[in-house]
Each structure stands twice: as C-alpha cells, then as structure tokens.
Amino acid sequence: MDKPILEVKELKTHFLTDNGSVPAVDGIDFHLNDGEVLGIVGESGSGKSVTSLSIMQLVGQPGKIVDGEILFDGEDLVKASEKRMRQVRGGKIGMIFQEPMTSLNPVYKIGNQLVEALRIHKKMSKDAARKRAIEIMKLVGLPRAEDLMNDYPHQLSGGMRQRVMIAMAMICEPKILIADEPTTALDVTIQAQILDLMKKLNHELNTSIIMITHDLGVVSEVCDRIAVMYAGRIVEEGETKSLLRNPQHPYTKGLVESIPDVRYKKERLYSIPGNVPTPGSVKKGCPFAARCAFAFDKCSEDSPILIDLGDNHRVRCLLHEEENGAELLQTSMK
Amino acid sequence: MLAYTVRRLLMLIPVLVGMSLIVFFMIRAIPGDPATAILGEKASPEAREALTEQLGLNEPWYTQYVEYVGGLLQGDLGESLRTNAPITEELLPFLAATFELALVAMIIAVVIGVNAGIISAWFQNSWFDYTAMVLALVGVSMPIFWLGLMEQWIFAQELGWLPSIGRENVRDPIDPITNIYLLDTLIQGDFEQLGTAFKHLILPSIALATIPMAVIARMTRSSMLEVMRSDYIRTARAKGQKMFLVVYKHSLKNAFIPVLTTIGLQMGLLLGGAVLTETIFSWPGIGRYIIEAINFRDYTVVQSGILVIATIFVLINLIVDLLYAAIDPRIKYQ
C-alpha cells in the first residue's frame, strides 16, 4: 500500500503570456501510493486542475511545464514522448472531468465513445470491445447497458453521463484515476452515488485515485490523504482524519470552519475573506498572508517552507517556525 | 422528417409566388421592350405594335401574369419571345453546363477549403495558418474576371497546356445525353472526350472555386477553433486518441454544421451567379443564357430562368437543413 505509484516533484506549470510567465502551479510535491485515494483540495484558481492536466501532459496553450518531474512507476512523464503519453492517457491513467454535460462528444453514440479507448490501447476486436463496454457499464451501475450503447449523450441525465465518463476512464483498467471535481455539477443524491462508486472502484479494482475538489465533504468521505493547494502550492498535507480534525495551516482551518453543519443553526457561515490572488501577483512572502487572521510581520517578507510535523503531516506556514505559533492556531477564527 | 420535408416543400409555394411577381415587374421596369429589341431601333412603329400584339404583351399586366402562372402550374415554363422555342427544352443544356461547372468548382472548394481550415485551426498561429488565411483573404478579395484572365493568359496563351474557352472541342463536339459532359462521355465510354471535357473544366472551375474556397476555409477554421476548445475534445485526448483522429473524427463532425451552411449558400450562389466566369470562359451556362435574354428583353426566359434558379437555391438549402439532422443527433425535425 505504501509504495508510491505516482510522484510529483517540484512541478512548475507556467502560462507563458505576452505579459510574462504566470505560475499557475509553482513548485509542488506530492505522491500517490498504490491503491490510495488522495484528495487535492483548494479554491478555484489554486492550480489543482492545472496540476491534474500536467500529469496527463494535456495543459493547453500557452501553458507549459517549465520544471519538475512526474514519476509514474519510476518513469518521468515530463520527458516522455507524445507517442508514449498517448499510451499512458486512457491506458495507464484515466481521467474524468467536472462537467459531464459537455465532456461527452454530442455527435457520437455512447458505445462508440466507450469502445474507442479499448480499440486504441487493447487493439480489441469490435465484438470483444462491445462486450467489455457493456461489462464496464454494468460495473459502474448503468442500467440497461445494451440499449445505452446506441444512445447519444443528450439522451442521458447528468448522473448517468458521469457514470459513462467513469466507465470510459476505467475501461482499460488504468492504475490511476484522476477525477477533476467529478461531483461538482451533480445534485446531492447523485453526488453520494458517484462517490460510492469511486470507493467501490478503489476497493474492488485497487485503482489509485486522485480526487480533485473544492468540497471538503467529498474528501472526508472518500480520501485517505489530503493535499491542500493554495495559489499554485501545497500548503498542507496529511492523512484525512488528522488534517480535518487538527488543521495546522490557517487556510485549511478556514476551509474546515466554513463547512456548514446542519446540527447547529449558526448566525452566519464562516468564510475566508478575500479571494485567491491571481497567480504571480504575490512577489514575496506567503501568498495567503493578505487573507490570514494569524498573519504577522514576517509573513509578508519570508516565503514559508514545508515543515514536517511527523505522522505524514506537513505544513507550509511561518507560524510553525515561531515558538507559540502552534498554540496560537488553536484559537477560533471567529 | 418526412412531414418536415413536405412542409418545407409547401413553403416553396409562397417563395415562388413572391419571386415570380418580383421578376415579372422588375423585367418590365427595365427601359426598352421586346419588340424593339427583336426588330431593332429602325423598325416602324406599326411593325413593333404588331409584334407586341403577337407576343401578347399588349394585354394588361394581370392577364399576362395569370396566363404565365397558369402555364407554370401545368409545368410549362413558357416559350421564348425571341426564338419561340419552349423554354424547358432550351434551358436544360445551359442548366446542365452550369451544374457541371458549379459542382466541380464546389468539390475543389470543399476539399481544399475544409482541409485548409482544419489544418489552420489545428496548428493555430503557425506559418501554415498565416499563409492559408492570407491566401483566403486574397481569395475573397480578388476579382474573378481578373483571375480568369490571368489563368487564360498563363495556362492557355503562354504555356498552352489547357484550352481557354468553351466546354468542348468545337471541331469534334461531344454527343450530349444529359449535357453533363463528364457523365455523357463516361456513359459513352469515350475516354478521349472525357479528357477533353475535363481539360475544359479546369480553368473555369478553379476561377469559380476561389471565393467559396476562401469563405469555406475561414468558416471551417473558426468553427474548428471553437470546437477544439471544448470539454469533449479534452476527453478524447485523455483517452489517448491520436491528434489526427481527435481533429478529423471528434472535432470535424461537431464543427461541420456552420461549414455545411456556408457550402449550401455558396453552391446556390455558384449556380445562379457564375455569370462572370461563364462569360470569360465562354461557358454556355444558365447565367449567360439569362443575361442574353435580358439584353433581348426576352421576358418569359428571364422570368422562368430566375424562377428555376430560385427553386434550386431553396432546394439546396432544404437539403442542407436535412443534412444537419444526419450530422447532429440533437437536431430532430418533426
């Protein structure tokens, strides 16, 4: 279980615009163990989607991986040829996206789109591919799979389309499934079903999963470990329980405190003031300093480094370099 | 689908009634009259009056119109005022000549235009893209008559590779069957004449193809650029599909509807508006037939000729609309 299948080292993905280079992902490290579910959490604009697209080498123009390594089973994908990447995409690493409504090609039948990956990676015959497609559709809980093969995406509901997307990503039995906000566009009951399905895939097929989301409810449900991203960097990383119960970064703490709790009727839900800074706009110091309730002088000067707190828990915050910083964090933010 | 087609065909009736009225009055609004045009300026007023009466042009306009429409309803396009020949018979060879020229031109325009548009979008901002788009701009802005004359000068006059005018060897004419000479010579198995017919087509069809080719290339490029940004294209790439198939399978079918609309409109324009090309290359087409009829104030020929072109235009657009449904399963006609 503890053997990493994917290691991301010092990954930097920048967008090279006319106004200079914008660091969307600015030097992140994380790993994914075999059979593990890792959650990458952050607000919109924190760089989590760019991270996942970087792993697949699918960052669109003008984005470019400028530095770092992405080791998949020891092989650096950053240096891999386009031909090799095509074998990895869909074959070794599957990916599903946020918008099931627009992520399926509207002019081709579901069956056609499902068998495509098999025809690419497994060189299967049409009949065998068809059989396998029906099998995987049943596995992801799609009813009347045979009929669905001949349906077009617009004839399906959002939840069903997301199941089709998952079936499509899983059809070649990839080792890793990257799910980029897979439940965001779905309503709550369907969300729970999709999360259950992902857990099932993880248990039954031993697929390692990277779950990208802004929803802490989702990560607490399915993830073994969590990495919190802020402004293109990982600010805190740890096992789900300890990270959610005992967040060590003010940003994580803010996120946790802004989860609504139906048991208590509060006056107002907590929210972190301000927005994620646009990438590259913070030149020095901690990028969260401007929004941080615990910020002190040093925060706007020094860049925090990742501090290992033990038990797989790491945090990037200057408070932990101070003497009474950790205690200070225990006080409520409200 | 059938009900829709029938409904669309019924809608042809008001269009044709409107067209026939407009043409009927427009041609009569042009100064001059058929009798003078036929007999010449020096004819005596008595002779002119006698001819006018003989042609039935002394009747009030509504009598003339009702008589004309009455003929149309029986499938009779009337008789030429100038030659007395039935227009249906007279017009067909001209129509076939134009059809052949327009079809060949359209095939050239679609094959080159669509592919240039696709490659420009695929390699956006590359040297190919810039070159193709500059050429397309030149193509739409270049006067056809100039291009036609240049072609004749270079390929017929200077190099002597191709015939400069006409559609057959005058000393050895092709036996007409359908008057589409490529087809006729094939039916007769006369490959030498097929070559002759083909050679005669090259220069005029290239001149005629230039503008539609440029318009189609630009439309394809912009439509492809939009489609290639969509989520389902990212999905196709995440499956490990080759870029060639991502472009030609996943993108093109989605991008094709606006392109098809353009092709339909351009085809209609080619059929009706090839006058310049037909004149320069002495192509015995419908455009020249109608222009000549206008010069002779041959009212009936102008009326019927334009009505035929209008009908073809409407039918082409109907076919285009029906093809939409074949391309995009979300489009359903009831």
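A residue counts as buried when its relative accessible area is under 20%, as exposed when it is over 50%, and as partly exposed in between. With a relative accessibility of 43%, A:N312 therefore belongs to the partly exposed class. This is a convenient place to enter the structure, which is a predicted model. The backbone of A:N312 deserves a look as well, since its phi is positive, near 60 degrees, in a residue other than glycine. The residue sits in the loop between β11 (307–310) and β12 (313–315) of chain A.

A second positive phi in chain A belongs to A:E181, which is not a glycine either and has a value of about 50 degrees. The setting is again a loop, here the one between β7 (176–180) and α8 (188–205) of chain A. A:E181 has a relative accessibility of 6% and so counts as buried, whereas A:N312 counts as partly exposed. The backbone of chain A also holds a cis peptide bond, which joins A:Q61 to A:P62 with omega at about 0 degrees. A:P62 is part of the loop between α1 (48–55) and β4 (63–72) of chain A.

Moving inward, strand β9 (residues 225–230) of chain A carries A:M229. The relative accessible area of A:M229 is 0%, so the residue is buried. What surrounds A:M229, once its neighbours within four places in sequence are left aside? The contacts are A:I28, A:I40, A:V41, A:G42, A:S46, A:G47, A:K48, A:T51, A:I234 and A:Y251. One of these, A:I28, is 201 residues away from A:M229 along the chain, yet the two C-alpha atoms are separated by 9.0 Å.

Attention now turns to charge. Side chains of opposite charge can pair when their charged atoms come close. Over all chains, the whole structure contains 28 salt bridges. In chain A, A:E221 is paired in this way with A:K199, and their closest N and O atoms are 3.9 Å apart. This salt bridge links distant parts of the chain, with A:E221 in helix α9 (residues 216–222) and A:K199 in helix α8, 22 residues apart. A:E221 has a relative accessible area of 44% and is therefore partly exposed. A:K199, at 26% relative accessibility, also counts as partly exposed.

Chain B offers a salt bridge between B:D129 and B:R221, with an N to O distance of 2.7 Å. Here too distant parts of the chain are linked: B:D129 is in helix α6 (residues 127–141) and B:R221 in helix α9 (residues 191–228), 92 residues apart. Both partners are buried.

Another pair in chain B is local. B:R234 and B:D231 form a salt bridge whose closest N and O atoms are 3.7 Å apart. The two residues lie 3 residues apart in helix α10 of chain B, so about one helical turn separates them. At 26% relative accessibility, B:R234 counts as partly exposed. Elsewhere, salt bridges with shared partners connect A:E36, A:R225, A:E237, A:D308 and A:R314 in one network.

Not every charged residue has such a partner. B:E151, in helix α7 (residues 144–158) of chain B, is buried but takes part in no salt bridge. How far away is the nearest side chain of opposite charge to B:E151? That side chain belongs to B:R288 and is 15 Å away. Beyond its neighbours within four places in sequence, B:E151 is in contact with B:A156, B:L203, B:P204, B:I206, B:A207 and B:F281.

Finally, the two chains meet. At their interface, 18 residues of chain B are in contact with 28 residues of chain A. Between them the chains bury about 2,200 Å², and 56% of this area is on carbon and sulfur atoms. There are 14 residue pairs in polar contact between chain B and chain A, with both residues at pLDDT 80 or more. On the side of chain B that touches chain A, the elements giving two or more residues are α10 (231–238) and α11 (243–273) of chain B. The most comes from α10(B), which gives 6 residues. By class, this side of chain B has 4 nonpolar, 5 polar and 9 charged residues. The two chains are also joined by 3 salt bridges. A salt bridge is formed by the side chains of A:E82 and B:R237, at 3.7 Å from N to O.

Definitions and conventions
Residues numbered from 1 in each chain as written. Chains lettered and ligands numbered in written order. Predicted model: local features only at pLDDT ≥ 70, side-chain atom pairs only at ≥ 80, totals over all residues. Heavy atoms only, no water. Contact = heavy atoms within 4.5 Å. Buried area = accessible area lost by both parts, 1.4 Å probe. Salt bridge = Lys/Arg side-chain N within 4 Å of Asp/Glu carboxyl O. Polar contact = N/O pair within 3.5 Å; in protein donor to acceptor, adjacent residues only side chain to side chain. Helix = DSSP H or I, 4+ residues; strand = E, 2+ residues; numbered from the N terminus. Nonpolar A, V, L, I, M, F, W, Y, C, P; charged D, E, K, R; others polar. Buried < 20%, exposed > 50% of the residue type's maximum accessible area, 1.4 Å probe, protein only. Lys, Arg positive; Asp, Glu negative; His and termini not counted.
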